[in-house]
Amino acid sequence: MSEQSLLACMSPRTSSMSTATYKEFGNNKHHDPQTAEHTLNAISALCSRADPDDLPGFLKPFWRDWPLLDPAQFLKVELLHHFFRMSWDHDIQWCITVVGDDEVNFCFNLLQTPVGYHSFADGILKLKQVTGHDHLPPHFLAAICALLDFHYLAQMPVFNEQALAKLNAALALFHADKHAILAAGGCSEHFWIPKLELMQHVMPSIHMSGAPMQWSADITKHAHVTEVKNPACTGNNQNYYAQIACHLDHSDKHCKHFTIFLAKIC
């Protein structure tokens, strides 16, 4: 999420894919897409009122000359952060807050183990004793189930109009019953959750680019490990960013010199 905000040159309190601000993240509304024209005009207007050298952040986005440069187009919904992390960071935490962590673990302990599915024999929080409430408010349960349905349906490899209609219905059902989460004390007084706002972009993304299943951050995350984290372990934990930048600069120059060497001998 933070990486998307950086790429789109947006504040974390503003959607990276739409014009929604943090107080609108929980609305059941698809806001206007975040366009490059809107972002570049805002940067230009800001620079005209202040000295660019005094402004923090990025004033020249690297994508400003791209043919398809709208953040709403090149930023995609990604399963790990937008679905799985959303379920763990919010859906499950709401349930734990309302019924208690012991009860949640107990429910997982009672599940049978279907072939081909992962089971949680010790629950999900590694707690041993079982106490707590024995029920969830009906509308609270309906909202959580609607979110789970949405997350599972969005992972389909192929979509047709019927599947898209079910996806849209699941999101609408959550918004119709989400008040029960607040009423039960499952979360704070608002739904200012960036991942919740991004759910409004799943269907437009499917229409534009196909199933979200094909988009993954695995490659870039692996590159972050090999190109940043592993070299950082050889440093002295001083001036972290400067050392990593220097390492990457040396690596880039080495690759260019090697390419030139191969060109000469060939």
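This tour moves through the structure one selection at a time, beginning with the whole chain and ending at a loop residue.

**The whole chain**

Before selecting anything, keep in mind that this is a predicted model. With the protein chain shown as a cartoon, you will find twelve helices and zero strands, so that the pattern read along the sequence is α-α-α-α-α-α-α-α-α-α-α-α. Switch on the surface, and the accessible area of the protein chain comes to about 16,900 Å², with 60% of that area belonging to carbon and sulfur atoms. Of the 266 residues in the protein chain, 33% count as buried. If you display contacts between residues with a separation of 6 or more, 67% of them in the protein chain come from residues 24 or more positions apart.

**Helices α4 and α6**

Select residues 79-99, which form helix α4, together with residues 138-153, which form helix α6; their axes come within 11 Å and cross at roughly 165°. An angle over 145 degrees counts as roughly antiparallel, and α4 is therefore roughly antiparallel to α6. The crossing in which α4 passes α6 is left-handed. Now show side chains: on the α4 side, the residues that meet α6 are His-82, Phe-83, Met-86, Ser-87, Asp-91, Trp-94, Cys-95 and Val-98, while α6 contributes Phe-140, Ile-144, Leu-147, Leu-148, Phe-150 and His-151.

**Helix α5, beside α4**

Keep α4 on screen and add helix α5, residues 101-110. The axes of α4 and α5 come within 6 Å and cross at roughly 115°, and the two helices are therefore roughly perpendicular to each other. Cys-95, which has already appeared among the α4 residues that meet α6, turns up here as well, since Cys-95, Ile-96 and Val-99 of α4 meet Asp-101, Glu-103 and Val-104 of α5. Within α5, select Asp-102, Glu-103, Val-104 and Asn-105 to see the buried residues of this helix; what covers them includes α4.

**The cysteines**

Staying with Cys-95, one may ask how many disulfides there are. The count comes to zero disulfides, and Cys-95 is in no disulfide, the nearest cysteine sulfur being that of Cys-145 at 8.5 Å. A disulfide requires a pair of cysteine sulfur atoms within 2.5 Å. Is Cys-95 buried or exposed? With a relative accessible area of 16%, Cys-95 is buried, because buried means under 20% relative accessible area. Selecting Cys-233 next gives a contrasting case, for Cys-233 counts as exposed at 67% relative accessibility.

**Leu-196 in helix α9**

Move to residues 194-198, helix α9, and select Leu-196 within that helix. Leu-196 counts as buried at 0% relative accessibility. Which residues surround Leu-196, leaving aside its neighbours within four places in sequence? Showing everything in contact with Leu-196 on those terms brings up Phe-25, Gly-26, Met-86, Phe-174 and Phe-191. Of these names, Met-86 will be familiar from the α4 residues that meet α6. Phe-83, another α4 residue that meets α6, can be used for a distance: the C-alpha atoms of Leu-196 and Phe-83 are separated by 9.6 Å, although the two residues are 113 residues apart along the chain.

**Helices α7 and α10**

Select residues 161-177 for helix α7 and residues 202-209 for helix α10, which pack at an angle of about 160° with their axes 10 Å apart. That angle makes α7 roughly antiparallel to α10, and the crossing of the two is right-handed. To see the contact itself, show Glu-161, Leu-164, Leu-167 and Asn-168 of α7, and then Val-202, Met-203, Ile-206 and His-207 of α10.

Without leaving α10, select Ser-205, which lies in this helix. At 7% relative accessibility, Ser-205 counts as buried. Leaving aside its neighbours within four places in sequence, Ser-205 is in contact with Lys-76, Val-77 and Gly-210. Draw the C-alpha to C-alpha distance from Ser-205 to Lys-76, and the result is 6.9 Å for two residues that are 129 residues apart in sequence.

**Asn-239 in the last loop of the tour**

Finally, select Asn-239 in the loop between α11 (218-232) and α12 (240-265). Its backbone deserves a look, as Asn-239 has a positive phi of about 50° although it is not a glycine. Asn-239 is exposed, with a relative accessible area of 61%.

Terms used. Residues numbered from 1 in each chain as written. Predicted model: local features only at pLDDT ≥ 70, side-chain atom pairs only at ≥ 80, totals over all residues. Heavy atoms only, no water. Helix = DSSP H or I, 4+ residues; strand = E, 2+ residues; numbered from the N terminus. Buried < 20%, exposed > 50% of the residue type's maximum accessible area, 1.4 Å probe, protein only. Contact = heavy atoms within 4.5 Å. Areas by Shrake-Rupley, 256 points an atom, 1.4 Å probe, with all protein chains shown as cover. Axes fitted to C-alpha atoms, helices over the stretch in contact; angles between N-to-C directions. Parallel < 35°, antiparallel > 145°, perpendicular 65-115°, else oblique. Left-handed = near helix turned anticlockwise from the far one by under 90°.
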